[in-house]
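Please look through the structure below before reading on, and keep it in view while you follow the report.

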Amino acid sequence: MPNRLESAASPYLRSHATNPVHWWEWSAEAFAEAQRRDVPVLVSIGYSTCHWCHVMARESFSDPVLAAYLNDNFVAIKVDREEHAEVDSTYLAAASAFTPNLGWPLNVFVTPAGRAFFAGTYWPPTAVGQHPAFRQVLESVTEAWTARREQVETSGAAIAQALAQSRGVESELVTDFADVIDALAAAEDLEHGGFGDAPKFPVTPVLRFLLDRGARSAEHSPEAAGLADRTLTAMAASALRDPVDGGFFRYSTQADWTDPHYERMLYDNAQLLAAYALADSAEVATGVAEFLRDRLLLPSGAFASGLDSESTVDGKRVEGFYYSLDAASRARVEAPPRDDKILTGWNGLAIEALALAGARHGEAEWIALARGAADFLLAEHVRGSGAGALAGAGAGAAAAAGVAGGRLVRTSIDGILSDAAATLEDSGMLAQGLLELSIATGEVRYAIAARDLIDGALAAGAAGSGSSPFGLPGGSDSVLAAQGLSTEADISDGAHPSGLSAMAAAAHTLFALTGDAQYRDAAEASMKLVGQLAAQQPISFGTALTLMSELGAPLRQLVVVTEDEASGELTRLARTLHRAGGIGVAVSQAQADAFAASGFELFAARTAIGGAPTAYLCEEFVCRLPLTDAAALEALLSAN
């Protein structure tokens with residue numbers, strides 16, 4: 001029986017294509033084969049830049065003797081968690097019943113009906129202390145399947161039932177942020193910076209929340225600003241930041257930020273670019289933007305998912321060696337492999353960050369990078385209902401046509417489109433990125449495409465039975481759905497925004513541009529699902545808290561209209577206000593007219609009076625008299 005991974009849409013799966021294990025991709029056919037053979041299924045989940053995934057591949061999945069046992073007694077499915085996020089989150093939840101030490105590789109043993117009955121992470125090839133060898137685990141699972149089948153089936157059914165009952169519980173929005181900021185301050189590592197003990201993560205969504213509170217005049221704003229500044233400064237000066245390429249590693253294994261886990265991910269660096277740009281740390285932001293451009297940018301204009309922690313030295317894979325070298329030495333050795341998989345959601349984060357940072361710091365190249373990624377996604381990652389034809393129509397035509405009715409592709413590589421179901425984070429992160437790009441460029445076509453994504457998610461939510469106002473236009477993973485295992489996605493904001501938070505944040509931004517209350521209402525309803533949890537666990541709900549902070553304050557809006565290209569002191573003030581306590585947009589007269597004609601109420605009747613740059617300062621769409629004097633506008637902004 002052949003290994004089926006050679007032409008997969010995932011570099012992680014392709015890296016297992018030469019294993020003697022008879023791997024299947026995630027599919028209904030794999031479970032049907034297990035049913036036919038009456039054997040359990042091993043669902044092995046990892047990702048391309050995962051160090052311990054590589055180790056287990058070398059030690060166990062490349063061992064022909066162990067592979068033969070696995071092939072004889074199991075159907076083995078290899079899953080890229082970044083490609084099939086819903087599969088990963090479902091089995092992570094199931095695995096928590098068997099081990100508190102969740103992570104990757106995640107190896108879950110399930111029945112042919114998809115019911116998990118045992119799970120673990122990395123298992124060594126030989127027993128070490130209390131950790132059994134992987135062969136011992138396989139033999140124990142085989143014995144349980146053949147001798148204690150009824151117990152296995154009962155256990156799997158109970159876990160599946162528990163998963164099906166997990167839902168968000170509606171509560172109130174957080175409106176008093178003093179306790180939240182106090183809780184985050186209490187978790188601060190006063191010696192080394194950051195939050196908690198080892199391992200130490202950037203938790204960028206929380207930093208964005210603190211930056212938002214710091215930009216407002218509400219109580220505890222100075223404390224929030226100081227905490228954000230100390231954390232960002234500590235990380236920039238630490239071993240978490242690569243001094244050569246300017247990007248950040250995923251996390252540090254020590255409390256003092258030393259001994260990083262060396263993979264460098266698109267989602268981390270995109271969010272950190274936005275955070276450092278909003279903190280006006282221009283030097284650090286520039287380094288991260290250049291890292292995205294020089295190391296993750298693909299010829300298509302989109303961004304790769306990440307860089308591996310390992311490189312090849314003298315024929316062996318070694319973690320971290322490459323990153324210990326200076327620039328000249330790096331040029332003489334093989335660089336770590338790049339995961340060229342293009343993820344829609346993560347590219348949305350990059351588009352958002354590059355557009356936001358580029359506009360705030362006057363870097364036209366960063367905005368151009370955001371535009372290139374957006375045009376690629378709109379041309380290639382939106383299919384069907386007229387959108388499929390856009391792939392051959394050119395990127396500009398694709399963006400102009402919008403994405404209404406199209407199926408969003410979660411990931412692709414080298415022109416191969418994955419059949420993995422797009423998630424809510426893909427729609428939400430891309431929509432927010434497109435809105436930020438529209439604000440940065442003044443081009444309404446990106447805002448129209450974002451509105452189409454949000455409208456599609458709202459329509460799917462209205463048609464579904466979930467607790468969220470948003471749903472998936474393309475539906476959830478078909479294999480999980482057939483097995484009755486589809487669950488609502490994780491609603492916490494860990495390393496990056498959850499799908500719920502990303503979608504709600506995009507809807508609120510759209511409300512700020514359109515005045516259409518349905519978008520604000522959807523954002524509020526979404527946040528009520530996490531309000532209680534966010535108050536109790538603020539470190540895990542940074543994006544949700546940022547949105548609740550925005551929802552709880554008066555909506556400040558500043559539109560600057562110029563006769564031709566947006567520039568000058570009024571434009572600078574608009575871009576300084578943007579995402580620092582308000583929404584700031586600078587557009588030409590033609591662009592303002594195009595926004596207004598397309599239903600974006602904020603731009604209605606906005607003109608450059610007498611041909612001079614003119615500012616409209618508004619609160620909840622109620623605007624002051626127009627201003628042409630920059631000093632007067634700055635005084636008004638400072639007073640509020």
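What follows is a short report on a sheet, a helix that lies across it, and some residues in loops.

The model is predicted, and the report begins with a sheet. Four strands form this open sheet, in the order 18-17-19-20, and their pairing is mixed. Strand 18 (583–588) and strand 20 (622–623) stand at the edges, and because each has a single partner strand, one side of each is left without a neighbour in the sheet. In general, the strands of a sheet pair through backbone hydrogen bonds, and they do so either parallel or antiparallel. Strand 19 (residues 614–619) and strand 20 run antiparallel and are joined by two bridges; Glu619 has Val622, in strand 20, as its bridge partner. Helix 26 (residues 630–639) lies across strand 17 (556–562) and strand 19, and the helix runs at about 20° to strand 19.

Turning to the loops, the table sets out two residues.

| Residue | Relative accessible area | Class |
|---|---|---|
| Ser467 | 31% | partly exposed |
| Val333 | 31% | partly exposed |

Ser467 is placed in the loop between helix 18 (444–463) and helix 19 (478–482), and its C-alpha atom is separated by 34 Å from that of Leu558, a residue 91 residues apart from Ser467 along the chain. Val333, for its part, is found in the loop that lies between helix 13 (327–330) and strand 11 (338–339). Together with Val318 and Phe321, Val333 forms a nonpolar patch on the surface, and the accessible area of these residues together is about 190 Å².

How values were computed. Residues numbered from 1 in each chain as written. Predicted model: local features only at pLDDT ≥ 70, side-chain atom pairs only at ≥ 80, totals over all residues. Heavy atoms only, no water. Buried < 20%, exposed > 50% of the residue type's maximum accessible area, 1.4 Å probe, protein only. Patch = residues over 30% accessible without salt bridge, like charges linked within 9 Å, V, L, I, M, F, W, Y side chains within 5 Å. Areas by Shrake-Rupley, 256 points an atom, 1.4 Å probe, with all protein chains shown as cover. Salt bridge = Lys/Arg side-chain N within 4 Å of Asp/Glu carboxyl O. Pairing = 2+ DSSP bridges. Contact = heavy atoms within 4.5 Å. Axes fitted to C-alpha atoms, helices over the stretch in contact; angles between N-to-C directions.
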